[in-house]
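Student: I have a model open and want to go through its interfaces. Can you walk me through it?
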Amino acid sequence: MPTFVQLLEFIGTFAFAISGIRLASAKQFDWFGAYVVGLATAIGGGTLRDLLLDVTPFWMTNPIYLICSALALFWVILFGKNLIHLHNTFFIFDSIGLALFTVVGVGKTITLGYPFWVAIIMGSITGAAGGVIRDIFINEIPLIFRKEIYAVACVIGGIVYWCCTLLNLDLVLVQCISGSSVFLIRILAVKFQICLPRLKGE
Amino acid sequence: MPTFVQLLEFIGTFAFAISGIRLASAKQFDWFGAYVVGLATAIGGGTLRDLLLDVTPFWMTNPIYLICSALALFWVILFGKNLIHLHNTFFIFDSIGLALFTVVGVGKTITLGYPFWVAIIMGSITGAAGGVIRDIFINEIPLIFRKEIYAVACVIGGIVYWCCTLLNLDLVLVQCISGSSVFLIRILAVKFQICLPRLKGE
Amino acid sequence: MPTFVQLLEFIGTFAFAISGIRLASAKQFDWFGAYVVGLATAIGGGTLRDLLLDVTPFWMTNPIYLICSALALFWVILFGKNLIHLHNTFFIFDSIGLALFTVVGVGKTITLGYPFWVAIIMGSITGAAGGVIRDIFINEIPLIFRKEIYAVACVIGGIVYWCCTLLNLDLVLVQCISGSSVFLIRILAVKFQICLPRLKGE
């Protein structure tokens, strides 16, 4: 039986892969290309984190992430035209993934003995870098650099993690509070279209 | 005297570098830029594989790959206008490179003790990721995500490698069969314009 | 008190970050996106070098680089409209950064026991790869592949480093001569618009 966290991880991976595959389909990618973009969206952030931390990339120890991305591909092939109705569901799933990946990234970095400012960056990379790789693959300017608050939710979630740890809270509680803050900030940012200020071009 | 495999590796590196340099020249890159794109095409896949496997990138132990890419640059500078007539020759060379890089990638990963599903991915990365990096450098959507079967030939070659190993065949024979299958699939895919189905955009 | 080299490193990081942030602002990035692009420009080359050399990325041991990039962001937010007048100052700073990063990259690689041809590549990656990552993030063809001599200055600086070492010069002197050669070549290349020849497209 999968644990609750594994279930969340599965949902998050699935939602991230779906976002990659949908954007790839808009660019007329073939099935293989869409799978690679979906997979890169789902595991790209964690892979970059693990390369920087010099540990074996997490997906190389368990094929579940590849299988999960393949399921996402079959889903889009079968139900592609109806996905638009599930827009809100996928947005919720995507936000769950963002929250969970951030918490996992922060926790893993702390466990390896790095200071908290590194862990906050690694949490943000885990959550947000996959989307950047996705946008580079489909040859677009990364969405998260211009649209509603996304990676900043990860940064704040990492800071919340830090503060809760300073308060000596229980680890599970720390992770719940941190993850919930990422989730809520992301949901609220999209609902109220909260963006960061833009730089004015010269 | 170089061995037969070293000769194939030289041919493959040269052909991969040529493909990068030609696409760079179409974008008005200067000599240095074209060299970097050619080099990245030739060694990019193996470098990504070695980073993921946490071993020293293969080209850092022997300068032959850099020299081979430099020869490819001189070739294009000298004979650029006549390359179009050699289109079929380079296609054959490129397919040899794809087959050999895949086999090398699978073999190296198995030697390091990883399971076969990781080895198949690493073989595909070794063969196909260089072309993705090339297309990112020249700011185009990666060709292998939309055109004839390419990386899928690597995946199938990796599966063939696995099956042959299960049959306890001799290693050299395994590698010949696996490499030949990559080569043949690629050749047949282009000859008969076999593509994977495309996803329909929303 | 920071040493003279630390001061140069700070100036170089600041100038590299400014170049990333300015190009991001021309593409309407938000503050976070601009910060990421600035940071990637400043630390991207050294990070790629450290991944290839299999050592901990330099910025993960000292938050000064992140702080320095944040200062560059505040600078652009506050004085963005007047930056155009400082064009020449920033060009000088950027060239200082290029020279210093090259020397640091070559030195670090030699210290780790790699041969000189690897060190020259690592020096060039340290100096020039950040700009390539910047241009990929803003979805443009990398500038250094098409414009005035840039990475080639790093390559020549690395060769000068090598020659001086062969002459058994003192390390500090070697680094000064090597860095000065990078700086001078870059300044002269821009002043006299010295470009490498371009490849003619087919």
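Student: How many salt bridges does the rule find across the interface of chain A and chain C?
Tutor: Zero across the interface of chain A and chain C. A salt bridge here is a side-chain nitrogen of Lys or Arg within 4 Å of a carboxyl oxygen of Asp or Glu. Some ground rules: this is a predicted model, where local features need pLDDT of at least 70, side-chain atom pairs count only at pLDDT 80 or more, and totals for chains, interfaces and linings use all residues. Residues are numbered from 1 along each chain as its sequence is written, chains are lettered from A and ligands numbered from 1 in the order written, and side-chain values use heavy atoms, with hydrogens and water left out.

Student: And how many residue pairs are in polar contact across chain A and chain C?
Tutor: Five residue pairs, both residues at pLDDT 80 or more. A polar contact is a pair of N or O atoms within 3.5 Å; within protein, one must be able to donate a hydrogen and the other to accept it, and residues adjacent in sequence count only if both atoms are side-chain atoms.

Student: Which elements supply the side of chain A that touches chain C?
Tutor: α2 (31-53), α5 (116-137) and α6 (151-166) of chain A each supply at least two residues. The top contributor is α5(A), with six residues. Helices (H or I, at least four residues) and strands (E, at least two) are DSSP runs, numbered from the N terminus.

Student: What kinds of residues are on that side of chain A?
Tutor: The side of chain A that touches chain C has 20 nonpolar, two polar and seven charged residues. Ala, Val, Leu, Ile, Met, Phe, Trp, Tyr, Cys and Pro count as nonpolar, Asp, Glu, Lys and Arg as charged, and the others, Gly among them, as polar.

Student: What area is buried between chain A and chain C?
Tutor: About 2,600 Å², of which carbon and sulfur atoms give 69%. That is the accessible area (1.4 Å probe) that two parts lose on being put together, summed over both. The contact takes 29 residues from chain A and 35 residues from chain C, with contact meaning heavy atoms within 4.5 Å.

Student: Switching pairs. What does the contact of chain B and chain A take from each?
Tutor: It takes 28 residues from chain B and 35 from chain A. The buried area between chain B and chain A is about 2,600 Å², and carbon and sulfur atoms give 69% of it. The rule finds zero salt bridges across this interface.

Student: How are chain A and chain C related?
Tutor: A turn of 120° and a shift of 0.0 Å along the axis lays chain A on chain C with an RMSD of 0.0 Å. The two copies are thus related as by a three-fold rotation axis. The superposition is by least squares on the C-alpha atoms of residues with pLDDT of at least 70 in both.

Student: Why say the copies meet through different surfaces?
Tutor: Because only 14% of the interface residues of chain A are also interface residues in chain C.

Student: New topic. Is Asp94(A) buried or exposed?
Tutor: Asp94(A) counts as buried, because its relative accessibility is 13%. Buried means under 20% relative accessible area, exposed over 50%, partly exposed in between (1.4 Å probe, protein chains only). Asp94(A) is in helix α4 (residues 87-111) of chain A.

Student: Which residues does Asp94(A) touch?
Tutor: Ala15(A), Phe16(A), Ser19(A) and Tyr150(A), not counting residues up to four places away in sequence.

Student: Where does Ser25(C) lie?
Tutor: In helix α1 (residues 4-26) of chain C. At 2% relative accessibility, Ser25(C) counts as buried. A polar atom of the Ser25(C) side chain lies 2.8 Å from the backbone oxygen of Arg22(C).
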